Amino acid sequence: MDAIRVAKVDNVVLERPIPPSTKDGVPTRSRQTGTLHLTPHHLIFDTASTSSETASEIWIPYPTITLLTRLPQSIAGLYPLQIRTRTFGSYVLLFDKDRQGGAEDVWQSVKDCAVARAASVEQLYAFFYTLSPPLASQIVARPAAPLSISPDQPQPVSNASPVSSGWSTFNPRAEFARQGVGSRTKAWRFTDINKDYAFCPTYPTKLVVPSRISDSTLAYAGKYRSKARIPALTYLHWANHASITRSSQPMVGLKNSRSAQDERLVECIFSSHQSPDTAYATASPSPSPSPSVYGATSTNLIIDARPTANAMANVAVGAGTENMDNYKTGKKAYLGIDNIHVMRNSLKVIAEAITEAESSASGTLDRGLLRKSNWLKHISTLLDGALVIVKNIHLNASHVLIHCSDGWDRTSQLSAMAQICLDPYYRTFDGFKVLVEKDWLAFGHKFLDRSGHLSSEKLFTVTDTPDDDTDDEGGGAQKAAQALFAWGQKQFASSHHLKEVSPVFHQFLECVWQVQRQFPERFEFNEEYLLDLYHHLYACQFGTFLFNCERDRRVPDGGKAYVERTVSAWDWFDRVEQRTRHVNSSFDPTLDDRSSRSPDADQGVLMFDPRDVKFWYRLFRRGDEEMNGGKIAAFQASGADLLTVGPGQVDPVSVDGAIDHVTSEVNGGEGFANGIPATGAAGSGGGWNWSQLSTSASSALGALQGAAREIKSIGQEAIGQIRAEAADGESWARSARDAPGTRIGEGRPSTRGNESTSARSGLRMPSEANPWSVDASTARVPASVPLGLADPGPRPQTKREPSWTANPWGESAMTSSATASLADLTLRSDNPSRAATEQGGPGGDRGEQTSSKSDNRIVSTAEDKRVEEAALGGDRKAWDPLGAL
């Protein structure tokens with residue numbers, strides 16, 4: 001109670017959408033005024049109506065809250081809190097004040113109570129809830145269950161007992177004896193290899209395995225399966241001896257490892273029908289069917305529920321899928337069911353569509369977002385995979401081994417759905433409880449992680465605006481510091497468990513509803529029963545859906561076991577008042593008569609249509625026409641892409657399969673070379689989705705492209721450095737030309753034509769488009785580069801334009817690109833030979849040399865000579881001791 005700042009708030013206004021009462025209706029807005037009560041585990045809104053008929057209470061368990069947001073103050077001056085729940089409920093609480101028993105105190109109290117549960121599961125409501133003992137008239141008379149055949153197993157609770165325990169709903173020996181283990185067939189046995197959960201912590205203590213497999217073989221086989229989840233029996237069909245077994249993925253890895261013990265175990269499972277009366281019959285080494293098999297062809301299947309791309313990714317981490325060359329008695333089928341992250345994001349899109357509809361003025365649901373979610377596609381894929389198992393068990397009388405990655409999510413979905421359709425017992429109240437306890441709780445579905453019972457601070461947000469009345473000097477800094485501190489807390493808050501949340505059991509309940517909708521007379525329970533199960537999945541009122549495996553529930557951790565400290569959900573569902581609400585009035589058990597020979601008899605096996613799916617509109621609190629109108633369901637229900645691989649065929653997950661696929665793509669082929677076409681796979685699914693296999697090739701191509709980009713960036717950096725050096729050299733030459741001084745030796749005529757540029761200006765600059773090529777039109781070889789290092793090919797000699805501007809007032813500005821410099825000034829010599837040399841050779845014409853402007857030299861005249869003599873005063877040597885003149 002220390003976390004609760006305020007326990008009761010009066011005059012609170014509650015706004016919420018009311019689900020439609022008819023299928024064609026739409027939600028309506030409701031506004032009520034009442035009292036809000038805060039407990040350590042619930043928010044309770046009590047209406048202020050004085051009439052007992054209209055008064056009601058709304059309970060919101062803290063674990064169901066997905067988002068609690070403080071909104072800015074409304075125009076009417078009220079302070080709102082918005083609540084969204086996992087059951088798709090939406091509530092807005094309006095308070096008269098913010099602090100001192102207002103919105104902020106309620107928000108902080110709920111946050112402290114919810115986040116405090118993250119420390120331990122023992123803080124959840126199930127550890128504080130007690131179920132009052134029912135009266136004798138409130139006990140539901142249940143049919144007598146088979147007694148335990150082992151003295152160390154607890155006996156089922158008698159119907160005459162005033163208090164029943166839901167924790168004893170599933171008795172492994174009683175349930176498998178009902179299926180025929182030990183009576184109809186002796187090919188299966190119980191093993192105690194996991195009696196103390198040391199062999200596999202996530203498996204039940206009692207496992208059913210082939211009689212011809214010893215515990216020593218199981219111990220070696222467990223090393224080859226992920227988390228030691230070996231193939232174990234979960235269902236034996238009543239019409240034949242076909243079986244459903246489940247396991248985790250094999251540890252194949254990149255080295256293509258194999259296990260003789262695991263191969264032997266699978267072989268014994270697939271041949272368990274051959275001699276059901278003998279426990280230790282010799283298995284037939286031939287994969288051909290035995291005469292005792294019911295059906296024309298034996299089609300034993302290993303179901304890999306994952307997409308091929310996911311299976312290929314697990315190979316890289318040491319796991320993978322079976323090599324069917326080592327399991328010659330069966331075939332393998334990929335169902336292409338996406339992982340938990342895809343399913344979580346798909347449901348998130350639906351929640352966003354519902355949120356936008358409730359926030360908009362029109363309240364119209366965006367069907368585009370519903371299509372974008374692909375939710376019905378996922379449901380259809382699950383149903384399609386379950387139908388493959390049903391047909392293979394009932395029609396082909398063959399065995400099925402199911403696994404995904406770890407064997408506790410998609411494996412539980414497929415196994416449970418197939419059993420509901422195969423055995424009418426699982427469509428009753430008692431049978432459905434046993435099915436959930438067996439395939440979900442005992443075989444280790446991670447309810448604690450997948451349901452997200454432990455809350456996180458990231459679920460509590462504030463979108464409040466700054467207060468206008470706090471304009472003091474330190475108010476802004478204080479608010480900024482508080483905001484920064486809150487942001488840091490959210491960033492460092494542990495949210496790892498949120499990444500494990502996924503609607504796995506939710507999808508199972510929805511698949512049951514889809515089949516129930518197609519066969520409304522074949523289920524003893526109604527839709528309300530499934531909706532209540534979904535609510536208690538997240539409410540944490542009972543201990544049934546709180547833990548990850550059987551070991552967590554039954555092994556004490558410093559005290560009593562959790563099954564002794566919490567109440568089972570089945571005790572509450574067995575109450576008379578609940579059973580009355582949940583019973584299906586149209587249920588007809590005679591339709592499941594196995595001896596019926598009527599034309600429409602199906603022996604109690606349901607062959608549903610996996611593409612006849614709709615949104616579970618009541619679960620989403622919307623109308624049927626609003627969510628399923630038009631062709632939304634038909635647009636998304638595409639079914640599973642079934643891919644079957646047999647012995648001798650190339651598995652697309654293997655390295656050889658990936659190479660063959662890439663080779664066929666390059667050569668323009670349509671698939672693998674070993675007889676598996678790329679499209680039109682066998683089975684009930686559509687074409688194979690080979691685009692998933694291209695991810696490995698795409699990743700390799702991406703790595704090559706990344707290396708090329710890195711090389712290009714290095715080349716561009718080198719080009720930039722060369723350009724910078726060239727610019728520095730040219731600027732240095734320009735500054736040297738423009739600087740005052742004698743500049744002796746500068747700008748002398750080049751030996752390569754008329755060019756008068758520095759060596760730096762002759763650098764060859766690579767092209768910007770291709771850093772390894774040079775544009776021939778602008779390429780130049782520096783004069784300092786030896787001829788042997790230059791490109792040997794002929795190049796067009798183009799004269800480089802100078803980087804400086806000619807004298808616009810000069811006489812030669814219009815006729816020459818070069819201007820005179822001080823180094824070009826000469827004086828007339830009295831030596832005829834020297835004058836002739838300066839004029840280009842002996843006998844040169846002085847007049848032509850003087851009148852030539854192309855030579856760019858200034859020649860002194862007689863007047864200049866006279867001025868020179870006057871300046872020297874007749875003493876030339878005094879002024880020119882070196883004879884330069």
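Select first the loop between strand S6 (79–85) and strand S7 (90–95), where Phe88 lies; strands here are DSSP runs of E of at least two residues, helices are runs of H or I of at least four, and both are numbered from the N terminus. Phe88 has a positive phi of about 65° although it is not a glycine, and at 10% relative accessibility it counts as buried (buried is under 20% relative accessible area, exposed over 50%, partly exposed in between, with a 1.4 Å probe and protein chains only).

The model is predicted, with local features requiring pLDDT of at least 70 and side-chain atom pairs pLDDT 80 or more, while totals for chains, interfaces and linings use all residues. Residues are numbered from 1 along each chain as its sequence is written, and side-chain values use heavy atoms, without hydrogens or water.

Go next to Gln603, in the loop between helix H19 (576–582) and helix H20 (624–628). Phi of Gln603 is also positive, near 60°, but Gln603 is partly exposed, at a relative accessible area of 28%.

Then select Trp440 in helix H10 (residues 429–442) together with Phe505 in helix H14, a pair that links parts of the chain 65 residues apart. Their ring centres are 5.1 Å apart and their planes stand at 90°, so the pair is edge-to-face (centres within 6.5 Å for rings of Phe, Tyr and the six-membered ring of Trp; planes under 30 degrees apart are stacked, over 60 edge-to-face, the rest tilted). Trp440 is buried at 0% relative accessibility, and Phe505 is buried at 2%.

Finally, extend the selection to the whole of H14 (residues 504–518), where 13 of the 15 residues are buried, so the helix is largely enclosed by the rest of the structure.

Key: Expected span 1.5 Å × (residues − 1).
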